[in-house]
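Here's a friendly walk through one protein model, one topic at a time. Keep the 3D view open as you read.

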Amino acid sequence: MALLDIRNLSVRVGPGRDALTVVDRISLTVNEGRILALVGASGSGKSLLMQAVMMLRRDNISYSADRFKLDGEDLLKIPSRKRRRIIGQNISFIMQDPRQSLDPTMKIRDQIYEVMPRIPWYHVLSRLKNFFRRTRSKTAAALLHRSGIRDHERILGSYPAQLSDVECQKIMLAIALASKPRILLLDEPVVNLETASRLQVLKLLDRCAKNDRTAVVVICNDLASVYNFADEFAFMYAGQIVERGSRDRILNNPRHPYTASLIRTMLELGRNGRLKRYLPVLSGKHPDYRSMPVGCRFGARCRRARRECNRDPEMIISKNEQYRCHFPLEDGALYEDE
């Protein structure tokens, strides 16, 4: 079941006519109980896309979409105040720098309490206050334990400045889970973690998807860190999704040359012993949003580029695959360009 269904979402950065389209007409569906990995190089627009999903307002940034449905309800057709409440109740977003997201003036205990579901009659029954305080404390400790933190009392009584980056990352995960979201968005959740903690966090996300039926979207630029856990992959390049599909289909039969180059690098780095091939390196560089090339945005770096690539390719959608390319790769052709 698709919890989130977005059509032709665009993000523009800058004032008026000088605004740059950084995310260009992206359609995205997020399914219940599934993990979607959004993969792409830095600057491809992944974080801005997730901020647009949360409808976070920032100076000189505007969003537009043809459709924005959350659990069947089109949020574009309701008042903004109600829209913000629905998004806040159903979606949690962990940004890339966890320390910047924590309030430095509040203890961790209070920051977790803030997002827990409130009991309307809590302040009325004053004699039960101590009971609910103990319950909240146990719940907060359980959330930290679930996120991989064992020293609950020290963490709950600490300020963010007293904690490491790894601990802050796990605390943000606990805070995100405290509101029991239906959709969980994470921006580079394992980038600063050691291997053991990285596996722990990814296994936690897998349990959230399988047991709680939470839809999980993980932003990453390291395909190797998530390919064993994600159910689906979507690859972004220069503000567009160039390919999307299931894990088995993407890893065994990539259709877009950019996707194939990322998978090829991951496979070579994963070999035991010395590399049997040189690591593939894409020529050129990521295009500038102020002077985007005509036609296919990957064309200047693609060995398969032809004259037809001067036209912007449409997204080809079939039963098990979606890709944006005039000359897609044939079955399993990871190395045919060498």
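## Buried, exposed and in between

Let's start with a term: a residue is called buried when its relative accessible area is under 20%, exposed when that value is over 50%, and partly exposed in between. Also keep in mind that this is a predicted model.

Try the rule on E188, which sits in the loop between β8 (183-187) and α8. Is E188 buried or exposed? Its relative accessibility is 8%, and because that is under the 20% cut-off, E188 counts as buried. M116 is another loop residue, placed between α4 (108-115) and α5. With 9% relative accessibility, M116 is buried as well. M116 also has a partner from elsewhere in the chain: M116 and S179 are 63 residues apart in sequence, yet their C-alpha atoms are 5.3 Å apart in space.

## Helix α1 and what comes after it

How many of the eight residues of α1 are buried? Seven are, so the rest of the structure largely encloses this helix. The buried ones are K46, L48, L49, M50, Q51, A52 and V53.

Follow the chain on from there and you reach M55, just after α1, in the loop that leads to β4. M55 counts as buried, with a relative accessibility of 16%. That loop, between α1 (46-53) and β4 (61-64), also holds R57. At 61% relative accessibility, R57 is exposed. R57 joins R81, R84 and R85 in a positive surface patch.

## Two backbone angles to look at

Some background first: most residues other than glycine have a negative phi. Which sign does phi have in M55? It is positive, near 55 degrees, and M55 is not a glycine.

E188 goes the positive way too, with a phi near 50 degrees, and it is also a residue other than glycine. You've met E188 already, in the loop between β8 and α8.

## Salt bridges across the chain

Side chains of opposite charge can pair when their charged atoms come close. In this model, the count comes to 19 salt bridges. One of them joins R99 and D165, with 2.9 Å from N to O. R99 is in helix α3 (residues 98-101) and D165 is in helix α7 (residues 165-178), so this pair ties together parts that are 66 residues apart in sequence. Both ends are partly exposed: R99 has a relative accessible area of 27%, and D165 comes in at 42%.

Next, look at R146 and D212, whose side chains meet at 2.8 Å, N to O. Here helix α5 (residues 129-146) supplies R146 and helix α8 (residues 195-212) supplies D212, so the bridge links parts 66 residues apart in sequence. R146 is partly exposed at 32%, and D212 is partly exposed at 44%.

## A buried bridge and a network

What about R249 and E321? They form a salt bridge too, with their closest N and O atoms 3.8 Å apart. R249 belongs to helix α9 (residues 247-252) and E321 to strand β13 (residues 321-323), so the pair ties together parts that are 72 residues apart in sequence. Both R249 and E321 are buried.

Salt bridges can also be followed from residue to residue here: D24, R25, R297 and D312 are linked in a network.

## Rings that pair up

A pair of aromatic rings is described by the distance of the centres and the angle of the planes. How many aromatic pairs does the structure hold? There are four. One of them is Y237 with Y258, a tilted pair with 4.9 Å centre to centre and 55 degrees between the planes. Y237 is in strand β10 (residues 232-237), while Y258 is in helix α10 (residues 257-269), so the pair ties together parts 21 residues apart in sequence.

Both tyrosines are tucked away from the surface by the buried rule: Y237 is buried with a relative accessible area of 2%, and Y258 is buried with 4% relative accessibility. To finish, find F298 in the view: ring pairs link Y237, Y258 and F298 into a cluster.

Notes
Residues are numbered from 1 along each chain as its sequence is written. This is a predicted model: local features need pLDDT of at least 70, side-chain atom pairs count only at pLDDT 80 or more; totals for chains, interfaces and linings use all residues. Side-chain values use heavy atoms; hydrogens and water are left out. Patches are made of residues with over 30% relative accessible area and no salt bridge: like charges are joined within 9 Å, nonpolar side chains (Val, Leu, Ile, Met, Phe, Trp, Tyr) within 5 Å. Accessible areas come from the Shrake-Rupley method with a 1.4 Å probe; for residues, only the protein chains shown count as cover. A salt bridge is a side-chain nitrogen of Lys or Arg within 4 Å of a carboxyl oxygen of Asp or Glu. Lys and Arg count as positive and Asp and Glu as negative; His and the chain ends are not counted. The place of a charge is taken as NZ of Lys, CZ of Arg, CG of Asp or CD of Glu. Helices (H or I, at least four residues) and strands (E, at least two) are DSSP runs, numbered from the N terminus. Buried means under 20% relative accessible area, exposed over 50%, partly exposed in between (1.4 Å probe, protein chains only). Rings of Phe, Tyr and Trp (its six-membered ring) pair if their centres lie within 6.5 Å; planes under 30 degrees apart count as stacked, over 60 as edge-to-face and the rest as tilted.
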